[in-house]
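Work through the exercises below with the model open in your viewer. Try each task before you read its solution.

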Amino acid sequence: MRVLAAMSGGVDSAVAAARAVEAGHDVVGVHLALARNPATLRTGARGCCTIEDAHDARRAADVLGVPFYVWDLAERFERDVVEDFVAEYAAGRTPNPCVRCNERIKFSALLDKALALGFDAVCTGHYARLEPGPELHRAVDAEKDQSYVLAVLTPERLEHALFPLGDTRKADVRREAAARGLQLAAKPDSHDICFVADGDTRTWLGERLGRRPGPILDADGEVVGEHDGAYAYTVGQRHGLRLGRPSPDGKPRYVLEVRPADDAVVVGPREQLEVDLVEAAGATWCGPAPQAGDAVGVQVRAHGEELPGVVESVGPVVRLRLDRPVRAAAPGQTAALYTGTRVVGSGTITAARRAASAGTAR
């Protein structure tokens, strides 16, 4: 096949491209320039999309002997990922920008351009497996599994995807990179949000949304503190609350709800974060849609635990009942569904609550 290998400048995408070459495909490497004003150098594991990353990707392509290009998708990334991220936090939700990037950039803008240029598939360094169908499955390396952030891909998109690393553990990928003579074999992985390179999301959002002071309330509506912007908080957050009054029992309090309509943040005990009914909208199915009554595994965070549950209803809103509670399922997060290792699909959480109580849905 003619394969376009997305090369970020990291070890995973370089080894994925190498394996595509080794499999006999006609490979062309491309680095996505996603930042309008990219930094020159990375700072350890923070950030990506720097000029250094582009140079690392080019050097890897040279070692592999494949053509290499840089495609400027900065404006599309700003609109579809960065602006979406800001808007979601302003609306009191907790987005996952990696999910958006895969959905709207790597397997939309990039894939569409690749197909228009006559390529058959896009190859990436994601840790996930593709089986005939196509079916998307979890990676062999559970600690590196990235199927959660790929659960927004339809079968039509999966038909044009290659994930060569899904059957390999990360340590073996690094050893393979060194054996292939790739200088980035020991390069640190990037862990933070790529466009918030210093990891300080609160300050980054504040620079874009400004100061919007409001009250921090307990579950009874009593004011227990103040904040400079509800957008800086997310359900489940404990640290940085700056509460002026301790809880009656002296126990820590957590963010239970973010209410942008009146700029209020509601806090309470950890137990009130536990939910077993989750509703999600905008579902995308990686294969056949589930039916009401189907048993599924549900994961609500990129590195969270998969919990057993049941699909109660499927429609514009998918309703899920978990066998045991999950803590801090925040609106805006992705709920990914599994059967065994197969990814069923995903939706965006709109509400979560305890089924056995009359508590307010988040």
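Four exercises follow, on helix packing, nonpolar cores and one loop residue of this predicted model.

**Exercise 1. Classify the packing of helix H3 (residues 74-90) against helix H4 (residues 97-116).**

Step 1. Start with the axes. Those of H3 and H4 come within 9 Å. They cross at roughly 160 degrees.

Step 2. Apply the cut-off. Angles over 145 degrees count as roughly antiparallel, so H3 is roughly antiparallel to H4.

Step 3. Assign the hand. The crossing of H3 and H4 is right-handed.

Step 4. List the contacts. H3 contributes Arg-76, Phe-77, Asp-80, Val-81, Asp-84 and Phe-85. These meet Pro-97, Arg-100, Cys-101, Arg-104, Ile-105, Ser-108 and Ala-109 in H4.

Step 5. Sort the residues of this contact. Seven are nonpolar, one is polar and five are charged.

**Exercise 2. Do the same for helix H1 (residues 11-22) and helix H6 (residues 170-179).**

Step 1. The axes of H1 and H6 are 10 Å apart, and the packing angle is about 70 degrees.

Step 2. The range from 65 to 115 degrees counts as roughly perpendicular, so H1 is roughly perpendicular to H6.

Step 3. The crossing of H1 and H6 is left-handed.

Step 4. On the H1 side sit Val-11, Asp-12, Val-15 and Arg-19. They meet Lys-170, Val-173, Arg-174, Glu-176 and Ala-177 in H6.

Step 5. The residues of this contact split into four nonpolar, no polar and five charged.

**Exercise 3. Which residues touch the most other members of the largest nonpolar core, and which element gives the most to this core?**

Step 1. The core has 55 residues. Leu-4 and Phe-163 touch the most other members.

Step 2. Check the contributors. Elements that give two or more residues include strand S1 (2-6), strand S2 (26-33), H3 and H4. H4 gives the most, with seven residues.

Step 3. Trace Phe-163. Its contacts beyond four places in sequence include Phe-107, Thr-124, His-126, Leu-136 and Leu-150.

Step 4. Set the other core apart. A second, separate core holds 26 residues, among them Val-15, Ala-18, Val-27 and Ala-177.

**Exercise 4. Is Leu-150 buried or exposed, and what does Leu-150 touch?**

Step 1. Locate the residue. Leu-150 lies in the loop between strand S6 (135-138) and helix H5 (155-158).

Step 2. Compare with the cut-off. Buried means under 20% relative accessible area. Leu-150 has 0%, so Leu-150 is buried.

Step 3. Collect the contacts. Beyond four places in sequence, Leu-150 touches Asn-102, Phe-107, His-126, Ala-128, Leu-136 and Phe-163.

How values were computed:
Residues numbered from 1 in each chain as written. Predicted model: local features only at pLDDT ≥ 70, side-chain atom pairs only at ≥ 80, totals over all residues. Heavy atoms only, no water. Axes fitted to C-alpha atoms, helices over the stretch in contact; angles between N-to-C directions. Helix = DSSP H or I, 4+ residues; strand = E, 2+ residues; numbered from the N terminus. Parallel < 35°, antiparallel > 145°, perpendicular 65-115°, else oblique. Left-handed = near helix turned anticlockwise from the far one by under 90°. Contact = heavy atoms within 4.5 Å. Nonpolar A, V, L, I, M, F, W, Y, C, P; charged D, E, K, R; others polar. Core = buried A, V, L, I, M, F, W, Y, C linked by side-chain atoms within 4.5 Å. Buried < 20%, exposed > 50% of the residue type's maximum accessible area, 1.4 Å probe, protein only.
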